[in-house]
Amino acid sequence: MLKIYTNSIFYRHDTGVDHPERPGRIDAAVDGIGRAGLHDRLIHDVDVHPETGRIIARVHSGEYERQLEDAARAGYRFFHSIDNPISSASFAAARAAVATSLAIRIGEQISRIPAVVVAYGPASADPNRDSSQRPAKWA
């Protein structure tokens, strides 16, 4: 049985009406889930996984994470470039996306049930961002 996860904080990562990262995309995905008869498999707002911070630190430096948090809190519209629009909730949405993914991964290991996340790439979704701070070997 497929499980589908989402988080209400993803709605607050609103980067503007003309940008693909907008709440309407979540609504469209959830509507499609309902039309497919899978609404009962939708899981909302899982608890933050205790390893979230550690996993983020394996990809991004603490400084990078602080910069994103400060930029979101200050109300900046962009983070590091005009290609990376953010909102006041982008930092929280990015952390929630990682926490949700961890919860899914742990759940899959225990139950062997496949899962997906209904979201739309919060800030720093680009795997090439902050590559200078990425560990040479990911254990």
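These exercises walk through a predicted model of one protein chain.

Residues are numbered from 1 along each chain as its sequence is written. In this predicted model, local features need pLDDT of at least 70 and side-chain atom pairs count only at pLDDT 80 or more, while totals for chains, interfaces and linings use all residues; side-chain values use heavy atoms, with hydrogens and water left out.

**Exercise 1. Describe the secondary structure of the protein chain.**

Step 1. Set the terms: helices (H or I, at least four residues) and strands (E, at least two) are DSSP runs, numbered from the N terminus.
Step 2. Count the elements. The chain has four helices and three strands.
Step 3. Put them in sequence order. The pattern reads β-α-β-α-α-α-β.

**Exercise 2. Find how much of the chain is buried, and describe its surface and contacts.**

Step 1. Set the cut-offs: buried is under 20% relative accessible area, exposed is over 50%, and partly exposed lies in between (1.4 Å probe, protein chains only).
Step 2. Apply them. The chain has 139 residues, and 36% of these count as buried.
Step 3. Take the surface. By the Shrake-Rupley method with a 1.4 Å probe, where only the protein chains shown count as cover for residues, the accessible surface is about 8,200 Å². Carbon and sulfur atoms hold 54% of that area.
Step 4. Turn to contacts (heavy atoms within 4.5 Å). Take those between residues at least 6 apart in sequence: 73% of them join residues at least 24 apart.

**Exercise 3. Work through the salt bridges in helix α3.**

Step 1. Set the test: a side-chain nitrogen of Lys or Arg lies within 4 Å of a carboxyl oxygen of Asp or Glu. Side chains of opposite charge can pair when their charged atoms come close.
Step 2. Count. The structure holds four salt bridges.
Step 3. Take E63 and R66. Their closest N and O atoms are 3.5 Å apart. Both residues lie in helix α3 (residues 62-74), three residues apart, about one turn of the helix. E63 is partly exposed at 41%, and R66 is partly exposed at 46%.
Step 4. Take R73 and E69. Their side chains meet at 3.0 Å, N to O. They are also in helix α3, four residues apart, about one turn. R73 is exposed at 62%, whereas E69 is partly exposed at 24%.

**Exercise 4. Describe the salt bridge between R54 and E51.**

Step 1. Read the distance. The side chains of R54 and E51 meet at 2.3 Å, N to O.
Step 2. Check exposure. R54 has 44% relative accessibility and counts as partly exposed. E51, at 30%, is partly exposed.
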